[in-house]
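A student and a tutor go through a structure by question and answer. The sequence and the model come first.

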Amino acid sequence: AVAYVNGRYGPIAEAAVSIEDRGFQFADSLYEVVAVMNGRFLDWDKHLWRLKRGLAALFIEGLPSDAALAAIARRLVSLSRYSDGLLYIQVSRGAAKRDHGFPADIPATLVMTVRRFNFRQRLPQLETGVSAISLPDQRWARCDIKTTGLLPAVLAKQEARAANAFEALFEKDGIVTEGSSTNLYMVAADGRIVTHPLSASILPGIARDTLLGLAQDAQMQVEERPFTLEEARAAPELFLTSTTAPILPIVQLDGAAVGGGAPGPVTRRLGALAWAEIQRQTGW
Ligand code: PLP
């Protein structure tokens with residue numbers, strides 16, 4: 001695995017940032033995870049758009065140009081020699097003497113890594129489905145910003161692992177918003193695909209954006225509205241999406257079967273569309 005840190009390329013084990021980096025001390029930083037498939041980036045422009053939106057929200061400046069970022073990312077993939085992997089990008093406000101307020105005139109820290117990732121493991125999971133648990137959402141009020149302040153997500157994912165579940169679904173004020181690292185959907189009794197609308201309560205997922213576009217192009221009914229945990233429990237189908245799991249059926253929630261306990265027809269159809277889109281974009 002290879003890394004880039006502020007102008008230098010090298011092995012991940014030798015890459016380092018200052019212990020006074022504000023990403024390390026305050027989680028004053030943002031990240032992106034981009035799928036590398038067949039040596040190509042999936043949805044690169046959307047990830048760049050979300051990164052820049054987050055940087056603007058946090059007043060972090062001084063990122064290289066779009067073209068320079070793409071060139072660094074491409075060089076790192078070619079150095080890695082992986083055809084399938086994950087590109088991780090992290091931008092922090094920079095390194096300075098510890099003080100909550102913004103330091104004046106320090107350069108942002110830009111880190112990228114490429115690691116191998118096996119997307120093929122998702123294909124059997126698409127057939128069998130995965131299980132999930134529900135947990136209270138203990139995150140901050142700006143879940144739409146992809147900060148590295150991930151402690152509530154880390155604790156939730158660990159609780160899911162301990163329960164032998166793939167994902168933890170967050171519930172806030174009775175509404176089930178999204179997973180700890182995934183967006184969530186239910187298929188309603190009338191066949192509509194229902195997902196939480198974009199708001200400060202969820203991350204605007206790139207896989208979400210792509211999937212909703214595919215569903216609309218296929219004339220499938222999509223409704224963006226909040227739904228309750230009780231509705232989710234009663235739904236015939238539940239599924240999730242993310243960069244690392246383009247679409248996965250949830251067949252068990254809190255130990256109870258979802259629908260018939262097997263992936264349903266709407267999720268299967270969307271799965272075929274999602275993987276066809278990956279193939280179209282990357283030749284995977
Ligand atoms: N929701 C949360 C909280 C996430 O952390 C992630 C990804 O890490 C997602 C949703 C899915 O986003 P994407 O499709 O861009 O990977």
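The turns below take up confidence, the sheet, a strand, some loops and the ligand.

Student: What average pLDDT does the protein have?

Tutor: This is a predicted model, and the predictor gives the complex an ipTM of 0.99 and a pTM of 0.97. For the protein, 100% of the residues score at least 70, and the average pLDDT is 98.

Student: Which strands are the edge strands of the open sheet of 6 strands?

Tutor: The strand order in this sheet is β2-β1-β6-β5-β3-β4, and the pairing is antiparallel. An edge strand pairs on one side only. That description fits β2 (8-11) and β4 (40-41).

Student: Within the pair of β5 and β6, which residue is the bridge partner of Q90?

Tutor: β5 covers residues 85-92 and β6 covers residues 109-116. The two strands run antiparallel and are joined by 8 bridges. In β6, Q90 has as its bridge partner V111.

Student: At about what angle does α3 run to β6?

Tutor: α3 packs on the sheet and touches β1 (2-5), β2, β3, β4, β5 and β6. Its direction and that of β6 make an angle of about 35 degrees.

Student: And at what angle does helix α2 run to β3?

Tutor: Helix α2 spans residues 44-58 and lies across β3 (29-37), β4 and β5. Relative to β3, helix α2 runs at about 180 degrees.

Student: Is S78 buried or exposed?

Tutor: S78 belongs to helix α3, residues 66-80. Its C-alpha atom is 7.9 Å from that of G39, although 39 residues separate the two along the chain. Because S78 has 12 C-beta neighbours inside 10 Å, it counts as exposed.

Student: Which residues of β10 point the opposite way from N183, Y185 and V187?

Tutor: Strand β10 runs over residues 183-187, and 5 of its 5 residues are buried. N183, Y185 and V187 point one way, and the residues that point the other way, also buried, are L184 and M186.

Student: Which residues stand opposite Y185 and M186 in the strands that pair with β10?

Tutor: β10 is joined to β13 (residues 237-241) by 5 bridges and runs antiparallel to it. With β11 (residues 193-195), β10 pairs in the antiparallel sense over 3 bridges. Y185 faces F239 in β13, and M186 has as its bridge partner in β11 V194.

Student: In the hairpin of β10 and β11, which residue takes a positive phi?

Tutor: There are 5 residues between the two strands of this hairpin. The one with a positive phi, near 90 degrees, is G191.

Student: D43 and D105 each have a positive phi; which of them counts as buried and which as exposed?

Tutor: Most residues other than glycine have a negative phi, yet phi is near 55 degrees in D43 and near 55 degrees in D105. D43 sits in the loop between β4 and α2, and D105 in the loop between β5 and β6. D105 has 8 C-beta neighbours inside 10 Å and so counts as exposed. With 20 such neighbours, the residue that counts as buried is D43.

Student: Which helix gives the most residues to the shell around the ligand?

Tutor: The ligand has 13 residues around it, of which L203, G205, I206, A207 and T243 come nearest. By class, the shell holds 4 nonpolar, 7 polar and 2 charged residues. With 3 residues, the helix that gives the most, residues 206-217, is α6.

Note on methods
Residues numbered from 1 in each chain as written. Predicted model: local features only at pLDDT ≥ 70, side-chain atom pairs only at ≥ 80, totals over all residues. Near = placed C-beta within 6 Å. Helix = DSSP H or I, 4+ residues; strand = E, 2+ residues; numbered from the N terminus. Nonpolar A, V, L, I, M, F, W, Y, C, P; charged D, E, K, R; others polar. Pairing = 2+ DSSP bridges. Contact = placed C-beta atoms within 7 Å. Axes fitted to C-alpha atoms, helices over the stretch in contact; angles between N-to-C directions. pLDDT = per-residue confidence, 0-100.
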